[in-house]
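Colleague: Please take a close look at a single part of this model, the surroundings of one aromatic side chain, and then work outwards to the other aromatic residues and the elements that carry them.

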Amino acid sequence: MSEPTREPGFVSLVGAGPGDPDLLTVKAARRLAEADLVLYDALVSPSMLDLAPRAQRFFVGKRARKKAMAQETIHWLIIRAARRGRKVVRLKCGDPFVFGRGGEEALALARAGIAFEVVPGVSSAVAAPALAGIPVTHRGLASGFVVVSGHSEGAYATILERLTPHSLTVVVLMGLAHRSAVASFLIKQGWSPRTPVAVLRAASTPEAETWSGTLAELAVPPELSGEDGDAPGTLVIGEVVTVAAQLAQTVLPDAAVAVTRRSF
Ligand SMILES: C[S@@+](CC[C@H](N)C(=O)[O-])C[C@H]1O[C@@H](n2cnc3c(N)ncnc32)[C@H](O)[C@@H]1O
């Protein structure tokens with residue numbers, strides 16, 4: 001007797017955007033609605049999972065102060081589910097190919113012969129500044145931007161030391177805890193201590209918060225508190241930050257662009 005044939009599985013590597021479910025793409029919402037299994041990361045808002053009512057859901061991200069699941073284990077879980085004929089959504093914050101290890105997952109799937117697609121997401125690298133009224137490029141202020149990881153000096157030094165000071169907007173992801181080191185590094189590279197800076201936390205969520213100041217203020221070592229582990233943060237460095245202040249003076253009081261100042 002022949003084996004019953006099983007529909008081949010399929011994997012969607014999906015970007016969830018910066019947090020607000022309304023910033024999911026239509027395609028991402030459709031994939032969630034059809035999914036049998038959703039493997040999601042720490043910064044994915046739980047309300048997005050409601051969009052996947054038929055799916056089993058597994059958290060595979062890193063919880064505060066706990067070891068993250070090994071990347072190879074995540075590959076194995078995705079591949080195993082796809083081989084069992086399931087529609088798998090691998091849901092990552094922002095865009096899956098921006099500091100999300102989505103490329104590694106795509107390569108693992110390709111090597112395993114699993115059919116997959118990439119569903120790009122709205123990256124926090126541009127969404128967090130935009131939601132605070134900061135255009136990452138602006139005529140006369142910046143004709144380009146660079147996105148670096150602030151995770152360690154090794155991650156940003158080789159890029160930032162090659163930049164002519166003030167030539168571009170610098171966006172730093174994963175740099176909240178290292179903000180003073182990043183700021184001191186740029187000042188050492190010749191950036192003016194008066195360069196405008198914004199720190200954007202939990203953009204697009206109800207906890208969203210914006211701090212704006214200067215590189216010199218950012219370079220002051222932060223007080224160590226629990227805050228860094230609580231919400232994701234993006235740093236924006238460059239003259240474009242001043243656009244937010246101009247907007248704040250002109251927009252209606254209840255407009256979505258809010259600039260608040262608080263000390264870290
Ligand atoms: C591992 S990286 C992933 C980036 C993601 N793939 C993207 O395209 O946005 C996580 C970092 O993204 C940034 N981030 C993610 N969500 C954010 C949000 N809602 N507000 C501010 N920054 C955010 C933070 O810098 C955080 O440390």
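**Phe99 and its surroundings**

Modeller: Leaving aside neighbours within four places in sequence, Phe99 is in contact with Val147, Val148, Ser149, Leu173 and Met174. The model is a predicted one. Phe99 sits in the loop between β4 and α4 (102–112). Its relative accessibility is 44%, so Phe99 counts as partly exposed. One of the contacts, Leu173, is 74 residues from Phe99 in sequence, while the C-alpha atoms of the two are 8.4 Å apart in space.

Next, the sheet that includes β6. The edge strands of this sheet are β6 (145–149) and β9 (209–214), and each pairs on one side only. The sheet is open and has 5 strands, in the order β6-β7-β10-β8-β9, with mixed pairing. On average, and with direction ignored, neighbouring strands in it are turned by 20° against each other. At the β9 edge, β8 (residues 196–201) and β9 pair in the antiparallel sense over 6 bridges. Within that pairing, Val197 has Gly213 in β9 as its bridge partner.

Now the aromatic pairs. A pair of aromatic rings is described by the distance of the centres and the angle of the planes. A search of the whole structure finds 2 such pairs. In one, the ring centres of Tyr40 and Phe59 are 5.6 Å apart and the planes stand at 65°; with over 60 degrees as the cut-off, the pair is therefore edge-to-face. Tyr40 belongs to strand β2 and Phe59 to strand β3 (residues 56–59), so this pair ties together parts 19 residues apart in sequence. Tyr40 has 17% relative accessibility and therefore counts as buried.

The rings of Tyr156 and Phe185 also have their centres 5.6 Å apart, with planes at 80°, so this pair is edge-to-face. It links distant parts of the chain, since Tyr156 is in helix α6 (residues 153–160) and Phe185 in helix α7 (residues 179–188), 29 residues apart. Both Tyr156 and Phe185 are buried.

That leaves helix α1. In α1 (residues 26–34), Ala28, Arg31 and Leu32 are buried. Viewed down the axis of α1, the buried residues fall within an arc of 100°, so they line one face of the helix. An α-helix has 3.6 residues a turn, so residues three or four places apart point the same way. The buried residues of α1 pack against β1 (10–15), β2 (37–40), α2 (46–49), β4 (87–92) and β5 (116–119). Of these elements, β2 is the strand in which Tyr40 lies, and β4 comes before the loop that holds Phe99.

Notes. Residues numbered from 1 in each chain as written. Predicted model: local features only at pLDDT ≥ 70, side-chain atom pairs only at ≥ 80, totals over all residues. Heavy atoms only, no water. Pairing = 2+ DSSP bridges. Helix = DSSP H or I, 4+ residues; strand = E, 2+ residues; numbered from the N terminus. Axes fitted to C-alpha atoms, helices over the stretch in contact; angles between N-to-C directions. Buried < 20%, exposed > 50% of the residue type's maximum accessible area, 1.4 Å probe, protein only. Arc of directions from axis to C-beta. Contact = heavy atoms within 4.5 Å. Phe/Tyr/Trp six-rings, centres within 6.5 Å; stacked < 30°, edge-to-face > 60°.
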